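I opened this entry to keep a record of what I looked up, one topic at a time. The notes begin once the sequence and structure are on the page.

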Amino acid sequence: MLTERHPDMSGRIAFDSSADMFVARGDPADLIVLADAMRTVYHDDGLLTDVLSRAVLD
């Protein structure tokens, strides 16, 4: 969803899910955009369902 709404951010945030934690690394301004996108999805049941339905599990 982030790359759909903010294609310019592709590759600027690094994600790491080791040790059963969610970690995002990047420029503080980019992390604020990520946090806002995550907050939007969290508060919109339809959007959350859409995002989760397209998730690829490891």
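**Entry 1, the core.** I started with the largest nonpolar core of this predicted model, and I found that it has five residues, namely Leu2, Met9, Ile13, Leu34 and Ala37. I noted beside it the general tendency of nonpolar side chains in soluble globular proteins to be buried together. For Ala37, I set aside the neighbours within four places in sequence and listed contacts with Met1 and Leu2. Leu2 thus turns up twice in my notes, as a member of the core and as a contact of Ala37.

**Entry 2, the overall layout.** I then stepped back to the chain, in which I counted three helices and two strands. Read from the N terminus, the elements follow the order α-β-β-α-α. The C-alpha trace spans about 30 × 25 × 20 Å along its principal axes. Of the 58 residues in the chain, 14% are buried, and I wrote down an exposed area of about 4,600 Å² for the chain, of which carbon and sulfur atoms supply 57%. I also looked up how contacts are spread along the sequence: taking those between residues at least 6 apart, 29% join residues at least 24 apart.

**Entry 3, Asp30 and its partner.** Which residues does Asp30 touch, if those up to four places away in sequence are not counted? I found Met9, Arg12 and Ile13, and two of these names, Met9 and Ile13, I had already entered as core residues. Asp30 sits in helix α2, which covers residues 28–42. Is Asp30 buried or exposed? Its relative accessibility is 9%, and because the limit for buried is under 20%, I entered Asp30 as buried.

With Arg12, Asp30 forms a salt bridge whose closest N and O atoms are 2.6 Å apart. This pair links distant parts of the chain, since Asp30 belongs to helix α2 while Arg12 lies in the loop between α1 (2–5) and β1, and the two are 18 residues apart. Arg12 itself is partly exposed, at 38% relative accessibility.

**Entry 4, other salt bridges.** How many salt bridges does the structure hold? I counted six, and the pair from the previous entry, Asp30 with Arg12, is one of them. Arg12 also forms a salt bridge with Asp8, where the closest N and O atoms are 3.9 Å apart. I entered Asp8 as exposed because its relative accessibility is 52% and the limit for exposed is over 50%.

Within helix α2 I looked at Arg39 and Asp36, whose side chains meet in a salt bridge at 3.3 Å, N to O. Both residues lie in that helix, three residues apart, which is about one turn of the helix. Arg39 is partly exposed with a relative accessible area of 47%, and Asp36 is partly exposed as well, with 42%. Finally, I recorded a network of salt bridges that links Glu4, Asp50 and Arg54.

**Entry 5, a nonpolar patch and a ring pair.** On the surface I found a nonpolar patch formed by Phe15, Phe22 and Met38, which together have about 340 Å² of accessible area. Phe15 belongs to strand β1, residues 14–16, and both Phe15 and Phe22 are exposed.

I went on to the aromatic pairs, where the count comes to one. Why did I enter the rings of Phe15 and Phe22 as tilted? Their centres are 5.9 Å apart and their planes stand at 40°; because planes under 30 degrees apart count as stacked and those over 60 as edge-to-face, this angle leaves the pair as tilted.

**Entry 6, Ser10.** My last look-up was Ser10, placed in the loop between α1 and β1, the loop in which I had also located Arg12. Ser10 is exposed, with a relative accessible area of 52%. I then checked Ser10 against Asp45, which is 35 residues away along the chain, and noted that their C-alpha atoms are separated by 25 Å.

Technical notes. Residues are numbered from 1 along each chain as its sequence is written. This is a predicted model: local features need pLDDT of at least 70, side-chain atom pairs count only at pLDDT 80 or more; totals for chains, interfaces and linings use all residues. Side-chain values use heavy atoms; hydrogens and water are left out. Helices (H or I, at least four residues) and strands (E, at least two) are DSSP runs, numbered from the N terminus. Buried means under 20% relative accessible area, exposed over 50%, partly exposed in between (1.4 Å probe, protein chains only). Contact means heavy atoms within 4.5 Å. A nonpolar core is a set of buried Ala, Val, Leu, Ile, Met, Phe, Trp, Tyr and Cys residues joined through side-chain atoms within 4.5 Å. Patches are made of residues with over 30% relative accessible area and no salt bridge: like charges are joined within 9 Å, nonpolar side chains (Val, Leu, Ile, Met, Phe, Trp, Tyr) within 5 Å. Accessible areas come from the Shrake-Rupley method with a 1.4 Å probe; for residues, only the protein chains shown count as cover. Rings of Phe, Tyr and Trp (its six-membered ring) pair if their centres lie within 6.5 Å; planes under 30 degrees apart count as stacked, over 60 as edge-to-face and the rest as tilted.
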